Amino acid sequence: MDFFLQQLINGLSLGALYALIAVGYTVVYGIVQLINFAHGEIFMIGAFGAYAVWIVIGKPTGWDVGPSLLVLLPLMIIGGIAASVTVALLTERLAYRPLRNAPRLAPLISAIGVSVFLQEAVRLFYGTIPGFPDAKAGFPFPTVTGISGRMVEVGGVILQFSTLFTIGALIVCTVGLWYFVNRTKVGRAMIATSQDPDTARLMGINVDRVIMAAFAVGAALAAIAGVAHGLRYQTIIGDMGFMAGLKAFTAAVLGGIGNIYGALVGGVVLGVVESLSAAYLGGGSAWKDVWAFGLLILVLVFRPQGLLGAKVVDRA
Amino acid sequence: MIKLPISDEQLQRLQLPARIAGIVGSALMAGSIAVPWSYDPDALDDMSFAMAPSPLQLHFLVLALLGLLAFAVPLLGRKRLGKLARLAAWNAAARTAAGGGAVVALVAIAAIGIEAGGLVNTEPGVWVALAGGILALAGGLLLPPSPEPGLGRMKPPRWVQIVVIVVGLAAVVFAAAYALSLSEGGEFFLFAALAVALVLVLKEWGAFGWLSIAAADNKRVLVAAAFVAAFSFPFTQGGSDANMSIAAQVLVFAATAMGLNIVIGLVGLLDLGYIAFLGAGAFTAAMLSGSAFATINWEPPFWLTALIAAVVAAILGLLIGTPTLRVSGDYLAIVTLAFGEIFRLTMINLDGTDGPNLTHGPNGIPGIPNLNFFGFYFGDPQHLFGIETGRFANYFWLMLLVMAFIILVFTNLNRSRIGRGWVAIREDELAAEAMGVNTFALKLLAFAGGAFLAGLAGAVRAHQYTSVVPEQFVFLESAFLVAAVVLGGMGTVMGVIIGATILKVLPEKLRFFEDYRLLLFGLLMVFMMRFRPEGIIADERRQLEFHADDEELAEEVELELIAWHDHYNPEPKGH
């Protein structure tokens, strides 16, 4: 039982990571019907942005719990968000917006190009900034006193603080997202645009700005996921966005792409399935990615609209 | 085309001075090769002698002389030129030649500067060439625009067409052999720039309109000549295997891209895991190859192995296509990507500890013997017409046959009922379905058919590379295949061959920017989609899809179609 609970917790925190990234896929898809293939790289840039902040403020290591949690961690998160949002808005402006009326294949291929470009740009040039480590190999993520390395045991189950941070981040972000979508003007404009862009435009909504907002929100959550990833695995590397992005997309489809809460649910379900299948299914952890992608194919066969139902399913 | 803020009247008055500037500039370019370009004999192909130009300088001379000709011919006057004045776009060709010359001179300066370490190593010659190029370009820009060249509507005797086709193809073979023999990046790049400039000059002049008619009239001759040309390519290599290895790799890559071209170019389904089908074919062939590491103790003859490999790939295609082809196109892209990852991970895991031992995991299956095809052993060098060709030449020829088969399938399908159904699906799936096209069956056919062709290519590849490793089939390879199709021109045969060649040969020859290869590749994809989504060689229908609101293009395409129709259905005279 303890083993099962432990795996469940691991799955939940992994799923929380996926969920945070998946929101970015789903909000963008819900509005412009584009699979932002480069979103995994936005997640990676969030982690590298946070690392950059840590270097700029002088690589603090031995801070006390208080300043570390109240100053260092927020600064790193803000730095990550700033980097992610900037890059996401730039790619939207330069690579996607000009293609908005092109055939559907064009923006998707462009997105693949952006993905490869961003990954290579970080790999090649991150280390050339004075004082920055080479991103061609992985390097350790800074330790944040109060989270890194701490754990508690509750009834035989070990709870890493980084795990709790990830799950907590997901809960906070969900509440924030709910507030943003339902209570703010931009959020409601986003919903309106995803339902009917032409009518939304007639009602005086600036669709371009709404699309930018969608990219920004997705990038911000991905950046938080990037920091959580760094704390959880204690190492970051330039190509970490590829697999994570693929899994997060799976999660978005699983929940029903275009449906924000679906992405959250899909992420958590995917994380738990992956964690439990590694623990209980034959073959062990070597096959966990295979099961995760197998789940994606199964969902598409039996429930293509996803667990919570997608807004747009049949658009060729 | 750059438009200068000068009225037509002024242009008319400036015509003579502009022409003279162009002639002087072109003459300067031509003359510059008599003077050394570089102080360092090691930079490029030794341009350090006076009065003894290097091969590349001689190629440059051709471009300069073409420009000179194009600038000078209209001086003869409309009357004396007669028909020739309207047949070719002399001014446009002159402008392109001048611009190309300037660009090539700049490339030469950059290459000398990089290879010899500093611009001090350049000699006056190359700067004279650059100055001449800029002067000629200025003159060319001031010339009035050319009318549409009438060459395309001229019908020469049959034998002229055939001679031009044969000579043209021979030139392509020798240019390719020469380009491959250039080992240094700078030389290769300079030659590539020259070749592109020459092709562009010919295009502007109006030669391609004429060529496309000639090609259409002599399709069989063209196809036969193209294959003879490709077949004779190994004989230009003097028994060297290094370049043939690249050439054979290019063919495997191009054949796979042609299979993908059916899926992307004709049906418009984005398959991001296509490399997995190639991998399935390669692994199947490796397991049945009789290698010491093969895991299946059965060694059928190669034709059977190839068939099994292709069928295995096609079955995989059916398995993955059946569930996903019912949902939207975007899902397909990601599901195929996921499938590609599943395939790679499965091949890694089938190592005996995490699963049954089929592939030896990450180590793969090495030591695959050479093919033995109906008693023809592929490991031996061949002696034909007194010229020795190496091992890779054999694979090159085999892949040529596979390629011919794939092109045959592609072009015939494209013109058939099935092909029209595919295009209808690509343009509007709902409308196609309403018209009675069985969209699901046709999509599945394309998907499985593409997988079959990839499996076939994979079977040859396993023997050619002698080892099959899961890491050869990563996502990036799929992305490269998609890029080859997109870059060359979706739905075209020539385009995809050109795209595959560029993507495979450039990294081999430009080792010095190996690090930046992927970076440039990503940028290239973005820029292609932004500025020329239809690819280098555009399928006309496709081009219209990408530029739906371009009225001019629609008119142009329509006029061209009418011209073709008139050409093939001449109105009976005397009515």
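Colleague: Which residues touch the most other members of the largest nonpolar core?

Modeller: In this predicted model, they are A19(A), L20(A), I224(A), A254(B), A313(B), M399(B) and A484(B), out of 222 residues in that core. Helix α8 of chain A, residues 207–233, gives the most to this core, with 17 residues.

Colleague: What makes this core lie between domain 1 and domain 2 of chain B?

Modeller: Both domain 1 (8–230) and domain 2 (238–538) of chain B give residues to this core, so it lies between them. The C-alpha centres of these two domains of chain B are 36 Å apart. The domain assignment of chain B also gives domain 3, residues 541–575.

Colleague: With which residues is I224(A) in contact, leaving aside its neighbours within four places in sequence?

Modeller: They are L20(A), I77(A), A169(A) and C173(A). A contact requires C-beta atoms, placed from the backbone, within 7 Å, and these four residues are in contact with I224(A) on that basis. Apart from the largest core lies another core, of 57 residues, including I33(B), A88(B), A98(B) and V201(B).

Colleague: How do you know that the span of α5(B) agrees with the expected value?

Modeller: The 27 residues of α5(B) should span 39 Å at 1.5 Å a residue, and the end C-alpha atoms of α5(B) are 38 Å apart, which agrees. After α5(B) comes G117(B), with a positive phi near 75°.

Colleague: What is the reach of α1(B), set against the value expected at 1.5 Å a residue?

Modeller: Helix α1 of chain B, residues 8–32, has 25 residues and reaches 34 Å from its first C-alpha to its last, close to the expected 36 Å. α1(B) nevertheless has a kink of about 50° at L14(B), shortly before the proline P17(B).

Colleague: Why are residues such as A18(B) and R19(B) of α1(B) called buried?

Modeller: A residue is called buried because 20 or more other C-beta atoms lie within 10 Å of its own. In α1(B) the buried residues include A18(B), R19(B), A21(B), G22(B) and I23(B). Among the elements that cover the buried residues of α1(B) are α2 (55–72), α5 (90–116) and α6 (124–142) of chain B.

Colleague: How many residues of chain B are in contact with chain A, and which element gives the largest share?

Modeller: 38 residues of chain B are in contact with 41 residues of chain A. The largest share of the side of chain B that touches chain A comes from α14(B), with 13 residues. By class, that side of chain B has 23 nonpolar, 8 polar and 7 charged residues.

Terms used. Residues are numbered from 1 along each chain as its sequence is written. Chains are lettered from A and ligands numbered from 1 in the order in which they are written. This is a predicted model: local features need pLDDT of at least 70, side-chain atom pairs count only at pLDDT 80 or more; totals for chains, interfaces and linings use all residues. Domain bounds come from an automatic or database domain assignment. A nonpolar core is a set of buried Ala, Val, Leu, Ile, Met, Phe, Trp, Tyr and Cys residues joined through C-beta atoms within 7 Å. A residue is buried if 20 or more other C-beta atoms lie within 10 Å of its own, exposed if 12 or fewer, and partly exposed in between; C-beta atoms are placed from the backbone. Helices (H or I, at least four residues) and strands (E, at least two) are DSSP runs, numbered from the N terminus. Two residues are in contact if their C-beta atoms, placed from the backbone, lie within 7 Å. The expected span of a helix is 1.5 Å times one less than its number of residues. The bend at a residue is the angle between axes fitted to the seven residues ending there and the seven starting there. Ala, Val, Leu, Ile, Met, Phe, Trp, Tyr, Cys and Pro count as nonpolar, Asp, Glu, Lys and Arg as charged, and the others, Gly among them, as polar.
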